[in-house]
Amino acid sequence: MTDFIDIINTYLSNYSTYSNGMVEFECKYGDLTFYKPNTNIIIVHAIYILPEYRQTGMCRNILHYLLDTTPKTFKTVRIQTVLSKILYEYLLRFNYNTKTFTVGRYGFDCIL
C-alpha cells in the first residue's frame with residue numbers, strides 16, 4: 001500500500017508541473033492513472049490492482065488516503081473509468097467520514 005501512497009503524494013505535490021492529460025504511475029501492486037484537467041477536480045482515470053493483491057482492501061485504502069490528503073483547493077475527486085462491476089458496486093455504497101460518491105455524467109464524483 002505504501003507504493004500507492006507514494007504515487008498519490010507524488011501526484012498531488014507535483015500537480016502543477018504536469019501537463020494536462022494522462023499521468024500514469026506503476027508500482028509492484030498495480031497502476032494508478034490520473035487525468036489532469038484544467039479544472040479544480042482530481043480525476044483518477046483508472047485504478048488497477050494486480051490480481052494477487054485484490055480483495056485485500058487496497059482500493060478502499062487508496063480512496064480513503066486520496067480523500068484525506070487532497071488539498072482543499074480541489075472541490076471534487078472523480079473516479080472516471082470504472083470497468084469492474086465490483087468497483088462500480090463498491091463506489092455506489094462507498095461511505096467514508098460522511099463522504100460518498102455519486103454517479104455523474106463523467107464518472108463517480110465525491111464532493112470534498
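**Notebook: helices on a six-stranded sheet**

I began with helix 3 (residues 85–93), which lies across strand 4, strand 5 and strand 6 and runs at about 30° to strand 6. The model I am reading is predicted.

I then counted elements: the protein chain has 3 helices and 6 strands. Read from the N terminus, their succession is α-β-β-β-α-β-α-β-β.

Next I traced the sheet. It is open, holds 6 strands in the order 1-2-3-4-6-5, and its pairing is mixed. I noted strand 1 (21–27) and strand 5 (102–104) as the edge strands, each pairing on one side only. On average, neighbouring strands of this sheet are turned by 30° against each other, with direction ignored.

I looked at one edge in detail. Strand 5 pairs with strand 6 (residues 107–111) in the antiparallel sense, over 3 bridges. There I found Gly104 opposite Gly107 of strand 6.

I went on to helix 2 (residues 58–69), which packs on the sheet and touches strand 2 (30–36), strand 3 (41–49), strand 4 (76–79) and strand 6. The direction of helix 2 makes about 165° with that of strand 3.

Last, I took the chain as a whole. For 112 residues a compact globule would have a radius of gyration near 13 Å, and the protein chain agrees with its 13 Å. The C-alpha atoms fill a box of roughly 35 × 30 × 25 Å along the principal axes. I noted 43% of the 112 residues as buried. The exposed area is about 6,600 Å², 50% of it supplied by carbon and sulfur atoms. Among contacts with a separation of 6 or more, 53% come from residues 24 or more positions apart.

Definitions and conventions: Residues are numbered from 1 along each chain as its sequence is written. This is a predicted model: local features need pLDDT of at least 70, side-chain atom pairs count only at pLDDT 80 or more; totals for chains, interfaces and linings use all residues. Side-chain values use heavy atoms; hydrogens and water are left out. Two strands pair if DSSP finds at least two bridges between them. Helices (H or I, at least four residues) and strands (E, at least two) are DSSP runs, numbered from the N terminus. Axes are lines fitted to C-alpha atoms, for helices over the stretch in contact, and angles run from 0 to 180 degrees between N-to-C directions. Contact means heavy atoms within 4.5 Å. The radius of gyration is taken over C-alpha atoms; the globule rule is 2.2 Å times the number of residues to the power 0.38. Buried means under 20% relative accessible area, exposed over 50%, partly exposed in between (1.4 Å probe, protein chains only). Accessible areas come from the Shrake-Rupley method with a 1.4 Å probe; for residues, only the protein chains shown count as cover.
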